[in-house]
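Me: I am new to this structure. Please show it, and I will then ask about parts of it in turn.

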Amino acid sequence: MKPKIEASWLELLESEFESEYFQQLRKFLKEEKETQTVYPPGSLIFNAFDHTPVYEVKVVVLGQDPYHGPGQAHGLCFSVNDGIRFPPSLKNIFKELYADIGMEEPESGNLTKWADQGVLLLNATLTVRARNAGSHQGKGWEQFTDAAILKLTETRRNLVFLLWGRSAQNKEALINKENGHLILKAPHPSPFSAHTGFLGCRHFSKTNEFLQSKGIAPIDWDLNTQ
């Protein structure tokens with residue numbers, strides 16, 4: 001049975017879905033859900049792909065794990081559902097947006113507006129056990145998302161990769177350097193590291209400068225506008 005995922009990604013990643021490791025991952029998730037609460041809900045596991053088809057991607061932001069608190073995770077890295085208090089890393093992202101482009105802190109931490117403009121908000125691991133950070137690491141998701149990054153960078157040109165923190169920067173080796181992609185690196189926006197270089201990185205304006213230099217429409221980062 002094929003997973004419910006946007007058609008262009010299904011085509012690009014078909015061999016992954018048919019692989020032995022992915023069958024093992026499916027088995028693990030089925031068993032996990034029988035005894036544990038798993039985030040995000042099943043219908044939102046591939047939300048990042050569903051909002052940002054292969055040929056609409058302009059920017060890739062790489063996270064690590066979904067949030068593991070009730071109601072937080074909805075399949076987009078760093079993003080939370082409407083009405084959910086901002087996690088500390090997201091709060092620092094909003095601080096940098098204000099410093100960089102003057103965006104006032106929004107009412108909601110829902111980043112779907114970015115995803116719908118071509119910002120692939122991809123976690124390395126797409127599920128997590130409730131209240132247990134990192135609990136689904138090493139089960140196969142990393143192999144799947146690594147394949148997605150690799151195949152995307154071979155298929156597309158002139159993408160921007162925002163690599164925040166060491167785990168995201170470890171993915172740099174997957175990026176096809178021949179296809180003109182821009183790689184911007186900074187510390188993670190977590191309170192433990194944001195003040196060592198994330199705040200002040202100006203990645204949002206730098207992204208748009210690069211996109212416009214390639215004749216690509218920039219991202220409207222401001223979550224306060226329609």
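Me: Which residues is Y39 in contact with, leaving aside its neighbours within four places in sequence?
Reply: The model is predicted: local features need pLDDT of at least 70, side-chain atom pairs count only at pLDDT 80 or more, and totals for chains, interfaces and linings use all residues. Residues are numbered from 1 along each chain as its sequence is written, and side-chain values use heavy atoms, with hydrogens and water left out. Contact means heavy atoms within 4.5 Å. By that rule, the partners of Y39 are P66, Y67, H68, G69, P70, A73, L126, T127, V128 and A130.

Me: Where is Y39 found, and what is its relative accessibility?
Reply: Y39 is in strand β1, residues 38–39; helices (H or I, at least four residues) and strands (E, at least two) are DSSP runs, numbered from the N terminus. Buried means under 20% relative accessible area, exposed over 50%, and partly exposed in between, with a 1.4 Å probe and protein chains only. Y39 counts as buried, its relative accessibility being 14%.

Me: How many Å apart in space are Y39 and H181, C-alpha to C-alpha?
Reply: In sequence, 142 residues separate Y39 and H181. In space, the distance from C-alpha to C-alpha is 32 Å.

Me: What is the order of the strands in the open sheet?
Reply: Two strands pair if DSSP finds at least two bridges between them. β2 (residues 59–63) and β5 pair in the parallel sense over three bridges, β2 and β3 over five, and β5 and β6 (residues 182–186) over five. The open sheet of four strands therefore runs β3-β2-β5-β6.

Me: Which strands stand at the edges of the sheet?
Reply: An edge strand has a single partner strand, so one side of it is left without a neighbour in the sheet. That applies to β3 (119–123) and β6.

Me: Which residues are the bridge partners of V60 in β3 and in β5?
Reply: V60 has a bridge partner in each of these two strands. In β3 the partner is L120. In β5 the partner is F161.

Me: How many of the residues of β5 are buried?
Reply: β5 covers residues 160–164. On one side V160, L162 and W164 are buried, and on the other F161 and L163. The count is five of five.

Me: Which residue in β6 does W164 stand opposite?
Reply: β5 and β6 pair in the parallel sense. Opposite W164 in β6 is A186.

Me: What is the polar contact of the side chain of D100, and at what distance?
Reply: D100 lies in helix α5, residues 88–101, and is buried at 13% relative accessible area. A polar contact is a pair of N or O atoms within 3.5 Å; within protein, one must be able to donate a hydrogen and the other to accept it, and residues adjacent in sequence count only if both atoms are side-chain atoms. Not counting residues up to four places away in sequence, D100 touches R202, H203, F204 and S205. The side chain of D100 reaches the backbone nitrogen of F204 at 3.2 Å.

Me: Which residue has its backbone nitrogen 2.8 Å from a polar atom of the side chain of S79?
Reply: S79 lies in the loop between β2 and α5 and is buried, with a relative accessible area of 0%. Beyond four places in sequence, its contacts include Y67, Q72, H74, G109 and N110. The backbone nitrogen at 2.8 Å belongs to L111.
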